[in-house]
There are 2 protein chains.
Amino acid sequence: MPGQNSCLVDKLSHYIRLDDSHRAHLAGIEKSERNYPASAEIYQGGDPARDLYVVKRGWLFSYTDLPDGRRQVVKIHHPGDIVGFPDVALKHVTTTLRTAEEVCLCPFPKSALDVIFRESPRLSALLLSIALRDQVVFIDLLRAMGRMNAQERVVYMLLDLIARLRITNSAMTDTMRLPLTQSQIADYLGLTNVYISRTFLRLEKDGYIQRTGDGVHLLREDDLIDMTDFYDRYADMDTSWFPEN
Amino acid sequence: MPGQNSCLVDKLSHYIRLDDSHRAHLAGIEKSERNYPASAEIYQGGDPARDLYVVKRGWLFSYTDLPDGRRQVVKIHHPGDIVGFPDVALKHVTTTLRTAEEVCLCPFPKSALDVIFRESPRLSALLLSIALRDQVVFIDLLRAMGRMNAQERVVYMLLDLIARLRITNSAMTDTMRLPLTQSQIADYLGLTNVYISRTFLRLEKDGYIQRTGDGVHLLREDDLIDMTDFYDRYADMDTSWFPEN
DNA sequence: GGTTCTCATCAAACCAGTTTCATGCGCGCC
DNA sequence: GGCGCGCATGAAACTGGTTTGATGAGAACC
């Protein structure tokens, strides 16, 4: 059965201890799963917002297009993430979801949240906190987009991605896979593919990173953190005010 | 007594009908109030995240600074807004809060949310939805910052501000006060005060807007909406999945 | 093994927005 | 009423990132 090791439970139990009833609620969410090939479009901006997806395997990203073709990637999704969460508030989804490689997703209807809110104030508070924490992450990204130059933005992205991967894989070192094209990275950071290429070459030449295939190795992480004034928003959350169960 | 007309109740009841018990919970939140002069700093990034504030009167904004002095304004707050909401998830606040003019705030401890989560699943779901809707708003802003030029960004900001003001003041026309300096607007949009000045002059010359003191009048709102592919995220939310009470 | 396609890199002209400094208006303050 | 200051505007040099088009390497597909 799926769910015997649930990415979602892994990710959430990083923040609060989950008892059996909590796990039961979450298991109900991850009961079906589906595979998608690389570069597949899963839904499109404007579609009715009905389902959410827990990522079980692989990378995806969400983006919006301007009418004239300019594109902004707004979120890069990893295993354990809940994809489509912001659109729960609206009747129609606001972004297009596309796979970066082969992925496996667990879809569930957003009406499943109703049960959680009725039965577990504690889990509800955790969901709110995750939504609010994600707002802080968007604020950090906004700061990078508004006030950082190209090199700082690239470094910021690398630090953010690796911090997120470390939540569920604490054994992770300073190396990660980066299965995105330079055009996709450019659309994420508000730059061009040409300049992303130049910036990566520069970072490599200056000894900040090392690349091998689609792998990236951060060589002087402390310097990179200083360069971007980076702060890890994923490691600690304030759960002190949460209700008991 | 304060609370006889609560900005917060006004704003929330735009989305769901609030019964007496809901109103009682919210009234508990707005029971104390405090005034601040213009250009006052209310809290600073790094302070412990203890209180939230409901805005009763006046404009404020939240910002972060980079170590070298670059500044990013991340949110502009109006009456009815809950200020500091994203920081509920964290132990320390991530932004600095400053008044743009004289304001009146109702502070309340974030532990007050505990009662709401224990006693009203419906109000809890609304809080989550607002947090998620605000994520969508940040995503829209991110798109503007990443892929729009200066003129489009300014127009986007004007449309967003007026859409938010219309929630609580449906009688509002196409004119609003804009009590922000051009430097503050520049720090919000990732531009410079000089270029904000040039852009406003250009918009005025091209007949898109008209300015009088700190008032802005949108002359051809449909054209402005087309120019930025703007969508109002405040008008409708999907509350269909909310629990009963 | 050749064809095709995607992707990273290179190069050079170009431009949107920055930087810096000067001017002038309006407002609060003594 | 005059002083000082914050703020919008103007002008000109400058630059970080864009645009366009060419090249080459690797992977997928018959």
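Start by selecting B:F61 in this predicted model. Across from B:F61 stands B:R98, a residue of β7(B). Now show the two strands around this spot: β4 of chain B, residues 60-65, and β7 of chain B, residues 96-99. They run antiparallel and are joined by 4 bridges.

Next, widen the selection to the sheet. In chain B, 4 strands form an open sheet, and its order is β2-β7-β4-β5. The pairing in this sheet is antiparallel. Colour β2 (41-43) and β5 (71-77) of chain B to mark the edges, where each strand pairs on one side only. Looking along the sheet, the twist from one strand to the next averages 30 degrees.

Keep β4 and β5 of chain B on screen and add α6(B). This helix lies across both strands, and its direction makes an angle of about 100 degrees with β5(B).

Move on to a pair of helices in chain B: α5, residues 150-168, and α7, residues 193-205. Their axes come within 10 Å and cross at roughly 75 degrees. α5(B) and α7(B) are therefore roughly perpendicular to each other. To see where they meet, select B:A150, B:Q151 and B:V154 on the α5(B) side. Then add B:Y195, B:I196, B:T199, B:F200, B:R202 and B:L203 from α7(B). The residues of this contact divide into 6 nonpolar, 2 polar and 1 charged.

Now select DNA strand D. Which residues are the closest to DNA strand D? They are A:N149, A:T192, A:Y195, B:Q182 and B:S197, out of 14 residues that surround the strand. Three helices each supply at least two residues of the surface near DNA strand D: α7 (193-205) of chain A, and α6 (182-189) and α7 of chain B. The largest share, 5 residues, comes from α7(B), the helix that also meets α5(B). By class, the surface near DNA strand D has 7 nonpolar and 7 polar residues, with no charged ones.

Last, show chains A and B together. Their contact takes 47 residues from chain B and 47 residues from chain A. On the side of chain B that touches chain A, pick out β5, α3 (112-119) and α4 (121-147), each of which supplies at least two residues. Which of these elements gives the most to that side? It is α4(B), with 20 residues. Coloured by class, the side of chain B that touches chain A has 26 nonpolar, 9 polar and 12 charged residues. The tour thus returns to β5(B), an edge strand of the sheet that also supplies residues to the contact with chain A.

How values were computed. Residues are numbered from 1 along each chain as its sequence is written. Chains are lettered from A and ligands numbered from 1 in the order in which they are written. This is a predicted model: local features need pLDDT of at least 70, side-chain atom pairs count only at pLDDT 80 or more; totals for chains, interfaces and linings use all residues. Axes are lines fitted to C-alpha atoms, for helices over the stretch in contact, and angles run from 0 to 180 degrees between N-to-C directions. Angles under 35 degrees count as roughly parallel, over 145 as roughly antiparallel, 65 to 115 as roughly perpendicular and the rest as oblique. Two residues are in contact if their C-beta atoms, placed from the backbone, lie within 7 Å. Ala, Val, Leu, Ile, Met, Phe, Trp, Tyr, Cys and Pro count as nonpolar, Asp, Glu, Lys and Arg as charged, and the others, Gly among them, as polar. A residue is near a molecule or strand if its C-beta atom, placed from the backbone, lies within 6 Å of it. Two strands pair if DSSP finds at least two bridges between them.
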